[in-house]
Structures are given as structure tokens and as C-alpha cells.
Amino acid sequence: MQNLPVKFNNTYILRISFISALGGYLFGFDFAVISGALPFLQKQFNLDAYWEGFATGSLALGAIVGCLIAAEVAEKKGRRKGLLVAAAIFAVSSLAMAFAASRNIFIASRFAAGIGVGMASMLSPMYISEVAPAHLRGRMVALNQLTIVIGILITNLVNYSFASHGDDAWRWMFGLGVIPSALFFLGSLGLPESPRWLIKVGKKEAALNILNRFGGTAFANQSMIEIENTLHDNTQKTTYRELFSKAIFPAILIGIGLAVFQQLSGINTVFNYAPKIFESIGASQDDQLLQTVFIGGVNLCFTIAAMLLVDKIGRKPLMLIGFGGLAVLYLIIVQLLAAASPVVSYYLLAAIGVYAMSLAPVTWVLISEIFPNKVRGKATSVAVMCLWAAYFILVFSFPVLFEKFKDATFYFYAAVCLLGFLFVLFKVKETKGQTLEELETTMNFH
């Protein structure tokens, strides 16, 4: 497709990609809000290290369920309807968390929020990858990560501004999530359906009309031929058993590996537990929350850098930079935490920057690209479920590990990053500049 002299409707593609990526904003909100609210929740519900980890990680358990739901909705009803369901769940769960009267009700509500997060984390990048042209796909999928970090930054600013508003400030932190949820829902109402899904379910005329709007008649006709060729054996319903076939299972393993290594790299402990880490070196509560704002700002700047680089230097080099850079930085961070040095702030921010420019966006780009059209929905759900399972293990275990091992906890994350570096070096292929249909050949699916 990229060989055709096509004039793409970039404004339209950017607009629908951005609307879909608002699911990432809500992902960022629910991901970051716990960091500012946790000191209040500890007092409100008397949370020990176990319940602190479980309250944080319950989002991930819900997200695993959300991935399963999203896979079914995306295959049967389409990507767009899945995004609408996710938006509605976000809105309801935000209010439920805000009005929670007990620890168990709060955790149940955060679990429900996780269902919305899981659905959006799978559907938003998948939808964008299916509507964006090959030469823009990396940048457009990374747009989802940009909205995640914008959500994190704005949420951290809100958390900081509400920190002095009394013991119930945390209720406002969670309740305000209903506003972006409503905007995401309204925006998703106007999205076109994914043309690849429409072709898969036999709605070829509707798909042709959408493709024509993307890049004109010649592009639409050529795209139809190429997409249909990858769906030539689509007479039976796709099942999870098919993912274990010799042709597809290697890609599933790569997707799972990318997802698990991204999370167990450990950086999300800094996002979710920044106050706890900075408390260990003697920072006040006000300074702890201020550091989360700095973290959000660095995260945003380096995510923009990733968007500029992902379609130029490629996915694989950025992933190698990410794992290698984090491994080195963690070794330095251990020494500085042990010395209770305030200089550790700069190295933690550097680690955030390296992650934001590499593992954070590029993992989602690769997961959205490497699976064939026929099984993309279910294959993506498996990879993203594993990502959320790894996230739960990370955030559930960190309070306990940090309480026992303190700064030495980061030695474990450095070792994981080294393994991730070797995994990418030997197992991951470059995908930039190729259409999703061309990648089916590159990844040896047939």
C-alpha cells in the first residue's frame, strides 16, 4: 500500500486516532490517581503494606477481565462499540471510587475501573493501528501513549492541588474522572468502524467507503485486495485454540514477552509509589506529591520524543535503548537511595525519560502490529492480559519488597531489564514502514 502515490487525508486520520486515544487519557488517570490518593487512603482505611499493594494492583486484576471482554466485543460488535463500553465503565467506576464508604467497596470499584482500563488499553492502540497508514502507524499508535502521559501529568497536578483540601481530598481526585470519561464517550460516538473488522465480517461496502475517505479510490481498492488476501480462510469463527497453531504461536510468545518485560522492568513502581520512595529519603508529603508532577512532566516530554523517533529509527533500537538504559540507571539509583541522597530524584527522572521514550510507547506499537488480521483481537487480548498480570505482580509486590529490601529492590528490576534487552536483541524483528498485511509475511505467519 505504501508504494501507491497516495494523498492521505491526514487531518481526518489524526482526528479519529486522537479521539480513540482518549482511552489512553483515562488509562493514565486511573493509573496515576492512586499515587496522590494513597497517603489519604492509608489513613482512611488503615492500609498495611499488603492492602496498599492490593488496592493499587486491583486495577490490574480488573484490566485482565477487561481484556477478555474487549476481545469478545471487538470481534462480535466491532472496535468502536468496545470503546464506548469502556468509556461508560470509566465514568461509573470513577464515581463509585469517589463515594466508597469502606476499603472493600473502594477496591471493588477500582477493580471495575480496571475493566475499563483493560478494554481501552487493548482497543485504542488496536483501532489506531487498523486505521493508520503504514508510514504513520508508529506515530499514531504512540499518540495513545501520549494521551496516557497527559492523563498522568494532569492527574498528578490535580492530586497536588487537592492535597491540602482535607482528609476527603482523595474523593475529589477520583470523582473528577467522570469528566474525561464523558468526553471520551461522546467523541467515540462519531468514530468510523475499523475497515479491517468490517471486511472480516463481510461489510465490504462500508469498509470501502471508509478506506476511500482515508486515501482515495485507488488506495481503497488496493487496500481491500490486500486485506481480503489475509482473510482468505475466514470461514470459521476464530478461537483461542487457533492462537496455539505453529504459524501464530511464535508471535504470541513475542507479544507476551514484550508485555511482561515492559512491566517487570519496574518503572511503574516509580509512578505508583513515588511518595513512598521519596519518603524513604526524608521528603515531606508536599515534596513527595510535587515530585509526581515532575515525573509527569518528564514523561510527557520524552513521549513526544518517542513519537518523533518511532517511525524514523524504528521500534527495535528504541526498545534496546530502553532496557539497556534502565538497567544502568537502576544500579546508580540503588546506591543513591542507600545513601538517602536527594540527587536520586534526577536519576529517577532520567529513568522515567528513558522509559517514556522507549518501552512505554513502543511496546504498545509492536503489540498492535505483530498479529495477523484474522486473530488480531484475541491475540492482542492475550498479550495485554499478560501485561496487566505482570503489572499486578509488580505493584502488589513492591510495598512488601521495599519494606524488606529497601533500595536493593531495584537490583531485581535491573536484572529483568538485562533479560529484556537480550529478548529484544534476539527475538524481535523490526516492523517500521510495513503495512499490517506485509507484516504477516515478515513475521512468517503463513
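These legends walk through several close-up views of the structure above.

The model is predicted, so local features need pLDDT of at least 70 and side-chain atom pairs count only at pLDDT 80 or more, while totals for chains, interfaces and linings use all residues. Residues are numbered from 1 along each chain as its sequence is written, and side-chain values use heavy atoms, with hydrogens and water left out.

**Figure 1. The whole chain is built from 19 helices and zero strands.** Helices (H or I, at least four residues) and strands (E, at least two) are DSSP runs, numbered from the N terminus. The C-alpha atoms fill a box of roughly 65 × 45 × 40 Å, taken along the principal axes. Of the 446 residues, 61% count as buried; buried means under 20% relative accessible area, exposed over 50%, and partly exposed in between (1.4 Å probe, protein chains only). Now for who touches whom: a contact means heavy atoms within 4.5 Å. Take the contacts with a separation of 6 or more, and 85% of them are between residues 24 or more positions apart.

**Figure 2. Glutamate 75 has salt bridges to both arginine 79 and lysine 200.** A salt bridge here is a side-chain nitrogen of Lys or Arg within 4 Å of a carboxyl oxygen of Asp or Glu. For arginine 79 and glutamate 75, the closest N and O atoms are 3.4 Å apart. For glutamate 75 and lysine 200, the closest N and O atoms are 2.6 Å apart. Glutamate 75 sits in helix α2 (residues 49-76) and lysine 200 in helix α8 (residues 195-200), so this pair ties together parts that are 125 residues apart in sequence. Arginine 79 and glutamate 75 are buried, and lysine 200 is buried as well. Zoom out a little and you get a salt-bridge network linking Glu75, Arg79, Glu130, Lys200 and Arg376. A search of the whole structure turns up 12 salt bridges.

**Figure 3. Lysine 204 and glutamate 228 join up in a salt bridge.** From N to O, the gap is 2.8 Å. Lysine 204 belongs to helix α9 (residues 204-215) and glutamate 228 to helix α10 (residues 217-230), so the pair ties together parts that are 24 residues apart in sequence. Both ends are partly exposed: lysine 204 has a relative accessible area of 43%, and glutamate 228 has 26%.

**Figure 4. Phenylalanine 27 and tryptophan 364 form an edge-to-face pair.** Rings of Phe, Tyr and Trp (its six-membered ring) pair if their centres lie within 6.5 Å; planes under 30 degrees apart count as stacked, over 60 as edge-to-face and the rest as tilted. In this view the ring centres are 6.1 Å apart and the planes are at 85°. The pair links distant parts of the chain, with phenylalanine 27 in helix α1 (residues 10-45) and tryptophan 364 in helix α16 (residues 359-369), 337 residues apart. Both residues are buried. The structure holds 29 aromatic pairs, and ring pairs also link Tyr330, Phe398, Phe402, Phe410, Phe412 and Tyr413 into a cluster.

**Figure 5. Tryptophan 51 pairs with phenylalanine 54 and has arginine 103 over its face.** The two rings are edge-to-face, 5.7 Å centre to centre with 85° between the planes. Both lie in helix α2, three residues apart, about one turn of the helix. Tryptophan 51 is partly exposed at 23% relative accessible area, and phenylalanine 54 is partly exposed at 21%. Arginine 103 is 3.7 Å from the ring centre of tryptophan 51. A charge sits over a ring if NZ of Lys or CZ of Arg is within 6 Å of the ring centre and within 35 degrees of the ring normal.

**Figure 6. Tryptophan 388 is among the residues with the most contacts inside the largest nonpolar core.** A nonpolar core is a set of buried Ala, Val, Leu, Ile, Met, Phe, Trp, Tyr and Cys residues joined through side-chain atoms within 4.5 Å. This core has 137 residues, and Leu41, Phe106 and Phe174 also rank among those with the most contacts inside it. Its largest share, 17 residues, comes from α1. Not counting residues up to four places away in sequence, tryptophan 388 touches several residues, including Phe27, Ala60 and Val117. A second, separate core of 12 residues includes Ala132, Leu136, Val149 and Val365.
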